[in-house]
Amino acid sequence: MDAVLQADALSSPPRLRDFSLTLKQGETVGLLGINGAGKSTALQALAGALPNTQGELRIMGKRLCHHPRARYQIGWLPQQPPLYPDLSAGENLALFAGLRMPTGTTREHVTTTLQRFALEPLQKRLVHRLSGGERMRLALACTLVHEPRILLLDEPSAGLDPLQAERLREHLRRECADRTVLIASHLLPDIESLCDRVLLMHEGGIVADERLETESRLVRLGLLHPPAEDAVRAFPGIARVISVHDGEHLIELEPDAPQELAERIGAQGWGLYRWEPGTSDLLARFRALSTGESV
Amino acid sequence: MTGALLRNELRLRLLTPAWWMLAAGSWLICAWLLFAQLQVYQEIQPALTASGANIGVNDLLVTPTLNVLGVLLLVVTPLIGMNAIAGERRSGRLAVLLSTPLSPLRLLLGKWFGMFLPVLLIAIGIYTMLASLALGMRLDWIRLATSLAGQTLLIALATSITLASSALTRQPGSAFATALTILVFLWLADGFLPREAALYWLALSPHLSPALQGTLVSDDLAYFALLTLAAMTVALIGLVREREFPPLNRVRQTVAILLLAAVVTTGAALSQAQRHTLFRSTPVPQALLETLAAIQGPVTITAWAPDYPLMRAQIEKLLRPLQEAHSDIELRWINPQREPQLARETGITHDGELRIEAMGRSQKVTVPDYPRLLHAFRHLARKGEPWIAVLQGNGEAPISDAPHGLGAWVRTLENHGYRVVGIDASGPIPDNAGLVLIAAPRQEYPPELLDRLQQWLQDGGRVLWLQETGGEQSLQELTGVRVLPGILISSPGTSGNGPLQLTLDLPRELVGPGAKSAVLDRAQALLPSGDGPWKIQQALETGADTWNETGALHEGTKRNPLEGERSGPHAATLLMTRGQAKVAIVGDSDLARDTLFGRSGNPQLLLSLINWLTENRLDTHAGAEDKDITWTPMTGAMLASLHLLFGPLLLGLGGHWIRRRRERA
């Protein structure tokens with residue numbers, strides 16, 4: 001897969017330090033971090049709108065500083081929806097369509113986007129009279145009206161009740177399908193339900209990068225007489241060994257690992273005393289960060 | 001993209017009540033000041049006419065209102081635009097706008113027009129209010145147009161300064177305070193900076209005033225263009241700093257600002273050095289053209305100007321319309337720097353002075369402009385003897401500014417090159433007097449004086465007699481004209497000024513097309529003798545509803561034929577000719593006194609009588625041509641109601657209505 005967004009050592013101290021990432025076509029990536037970790041700043045920098053930012057940013061392989069038209073490919077929705085409260089939903093949408101699309105093509109797009117996000121009945125309603133969920137849906141419509149290839153979402157479900165949040169997630173699942181998406185959040189449900197890769201951010205930089213799809217295949221394996229790590233890794237059905245500490249292994253099973261794998265390992269004489277579902281190191285570290293522990 | 005942003009900005013301004021309230025407030029303030037000034041103007045207008053001052057409604061009503069509008073715009077523009085960038089930044093929208101492909105320059109232009117147009121709309125609204133004065137006033141439309149150009153430039157500058165202030169902060173209140181401080185500093189700099197200081201060029205008022213007065217000067221346009229450019233550049237740097245990737249470093253910023261300062265300073269110096277008038281609305285006054293028409297023979301104008309192309313071009317431009325109006329005007333140039341001796345002998349003290357020679361006389365014009373040229377040409381155009389002898393000693397009206405004196409009229413006559421002198425009734429009439437003026441003798445003249453006057457007329461002399469109660473017998477003995485007893489009054493209800501003041505139509509063949517009527521107060525009816533040596537024509541005639549009332553006035557006064565009261569029409573002014581001799585008699589002296597001189601067409605009537613008596617063609621214009629207010633009281637009341645009440649109310653309600661309509665959607 002080709003990199004559609006590539007950030008190299010973006011820095012804007014003190015909020016962003018040496019921030020690098022690569023997003024590939026079709027990926028939905030979560031940017032996880034506690035409040036103040038620099039998630040919103042990172043997204044603003046990736047949108048090319050953060051003052052005093054050093055480093056390099058490439059969109060579809062093109063350097064943003066030399067190719068301003070590459071901005072057409074970005075749709076950025078900050079945590080605070082960038083809407084004009086004294087204008088109607090339709091007027092807000094028309095503005096963002098006009099700003100991001102060639103002249104003459106906007107009206108049709110506005111109409112279809114209103115339909116797509118079920119905003120037609122609210123077209124003439126002033127934004128300050130919309131509910132939080134409606135407002136976020138409108139903000140998402142404004143962000144997507146020009147069909148960007150890269151979508152940067154900052155805490156999309158913050159402040160919404162569970163019902164509204166779920167409805168928004170449905171919209172996001174549908175809209176994220178063909179796009180490269182980076183979702184910044186400190187809410188695990190958002191990340192778990194939408195993302196297939198997670199970046200953990202702390203103090204302005206990325207401290208971990210994991211694929212979330214393997215979460216269900218993680219196993220915590222306890223051995224009294226552990227063999228060499230290579231022997232465990234080479235055991236049929238084990239995809240990789242993520243970590244080892246005092247006989248405690250965190251392993252990832254292969255997708256077609258046999259059901260009786262635990263019995264087979266037990267039969268090796270390695271003194272199997274634990275076989276239980278594991279959680280990723282990344283999520284564990286995020287939980288640790290959330291509770292104030294050091295990582 | 002810029003269009004989308006502009007549409008959005010216009011929606012934000014025009015679809016929210018704030019703009020409508022500001023428009024209503026601006027309208028109300030300007031209307032209030034305009035009508036307050038109008039009230040004062042109506043009170044002083046007769047005195048103004050009497051003084052012959054060359055100012056009218058355009059100077060005393062329109063321009064002051066436009067000055068107030070200028071000050072209002074300095075406040076309104078930052079109020080409307082303080083949110084333009086600071087508000088966007090505060091709400092987080094600016095970063096999103098900057099993340100779009102829209103360049104900072106385009107973003108700035110969209111914001112600029114989105115602020116500029118709504119403020120301009122407010123200004124245009126005030127101009128329509130001023131234009132409505134044309135229902136009863138003679139407005140200088142060209143001056144209005146140049147002033148609108150000036151106000152447009154002011155709005156452009158205020159918009160740019162507000163945007164620059166807004167681009168450098170995230171607090172709209174701070175942006176407003178900064179912009180207002182800068183604009184007020186520029187506005188007031190005229191008052192506290194010495195004129196010779198280099199910074200004085202920054203003062204706003206001296207660059208706006210010429211446009212409000214109808215003149216467009218290159219330096220003023222350069223001032224607005226340079227400062228607008230400077231403010232826009234600062235605003236652009238503020239936005240670019242926000243998005244530039246990699247960031248705009250301090251060296252580049254400093255270089256940009258130094259470059260900008262250099263451009264503004266050089267531009268200012270160049271524009272001051274090359275300052276010239278691009279357009280001047282002041283048309284050639286009709287009075288000057290009429291005066292030129294009265295001048296017979298060639299006119300030579302010698303301009304004492306060094307070889308400064310701009311100075312010479314301006315003099316040529318000033319005189320060109322006169323050369324077009326009068327076929328025989330020769331313009332000669334003398335450089336006083338090359339002919340210093342000649343300049344000293346001629347008494348030339350200023351570069352650009354003019355010396356005009358015509359009809360055997362010469363006049364000097366120190367500062368060439370149309371009012372001074374008119375004054376000079378009036379002196380040259382007058383034919384005959386320059387003296388007007390005013391009889392004094394028998395209770396006549398004084399020629400001073402004393403109460404009920406003739407001071408204002410005397411000044412008007414002097415403006416036309418006459419010298420008005422009082423002569424003792426007991427002494428001889430000077431041979432070189434062009435005219436004898438007898439204004440309201442209160443007692444009958446002694447026989448020897450009447451003999452001298454008879455002799456004066458027999459020698460072909462001219463007399464202007466302004467009748468007031470007293471001296472009736474003397475007038476009859478001198479001219480054969482009898483004065484009917486009592487004073488002329490009109491039927492109650494037929495005169496807007498009360499029964500004692502008569503408004504009479506002026507004869508076009510005598511006065512010309514300008515003035516329509518004269519106002520007489522307590523006039524007396526003149527009854528010419530049918531059989532005498534005088535050829536008599538009636539110049540002013542009262543209506544059929546008038547009569548000579550001999551009794552006391554009270555409500556319901558009616559004509560009493562038994563008391564010799566005759567119904568109109570009556571003669572109020574007679575023109576009499578006998579050989580070379582000419583006599584003009586007016587049945588009232590008040591129209592020449594300071595109390596009534598400025599009213600309606602009185603000055604024109606009196607100057608026309610002088611022209612008829614002296615066979616001159618002096619123009620009969622009295623001061624500015626835009627001083628009259630001709631609307632009816634009903635029209636005035638309707639306009640006042642519209643501008644002071646309904647206009648602001650409709651604007652305020654309009655904003656409220658739009659808000660409610662949108663809220664309900």
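Here's a quick rundown of the two chains, A and B, and where they touch. Keep in mind that this is a predicted model. The predictor puts the complex at an ipTM of 0.80 and a pTM of 0.72. For chain B, the mean pLDDT comes out at 88, with 96% of its residues at 70 or more.

**Chain B overall**

- Chain B packs in 21 helices along with 19 strands.
- Its C-alpha trace covers about 105 × 75 × 40 Å along the principal axes.
- Chain B has 665 residues, and 44% of them count as buried.
- If you look at contacts in chain B with a separation of 6 or more, 78% come from residues 24 or more positions apart.

**Helix H3 of chain B**

- Helix H3 of chain B takes in residues 57–81, which makes 25 residues.
- From first C-alpha to last, H3(B) reaches 34 Å, close to the 36 Å you'd expect at 1.5 Å a residue.
- H3(B) also has a kink of about 25 degrees, and Leu73(B) sits at its centre.
- As for its surroundings, H3(B) is mostly covered, with 18 of its 25 residues buried.

**The sheet in chain A**

- Chain A has an open sheet of 4 strands, ordered E2-E1-E4-E5, and the pairing is antiparallel.
- At the edges you'll find strand E2 (16–24) and strand E5 (62–63) of chain A, each of which pairs on one side only.
- Further in, strand E1 (residues 3–12) and strand E4 (residues 54–59) of chain A run antiparallel and are joined by 5 bridges.
- To pick out a residue pair, Ala7(A) has Leu57(A) in E4(A) as its bridge partner.

**Where A meets B**

- On the chain A side, 33 residues go into the contact, while chain B puts in 27 residues.
- Strand E4, strand E6 (74–77) and helix H2 (89–100) of chain A each bring at least two residues to the side that touches chain B.
- The top contributor to that side of chain A is H2(A), with 5 residues.
- Sorted by class, the side of chain A that touches chain B has 17 nonpolar, 9 polar and 7 charged residues.
- E4(A) turns up twice here: this strand is part of the open sheet, and E4(A) also supplies residues to the side touching chain B.

Notes:
Residues numbered from 1 in each chain as written. Chains lettered and ligands numbered in written order. Predicted model: local features only at pLDDT ≥ 70, side-chain atom pairs only at ≥ 80, totals over all residues. Buried ≥ 20, exposed ≤ 12 C-beta atoms within 10 Å, placed from the backbone. Contact = placed C-beta atoms within 7 Å. Expected span 1.5 Å × (residues − 1). Bend = angle between axes of the 7 residues up to and from the residue. Pairing = 2+ DSSP bridges. Nonpolar A, V, L, I, M, F, W, Y, C, P; charged D, E, K, R; others polar. pLDDT = per-residue confidence, 0-100.
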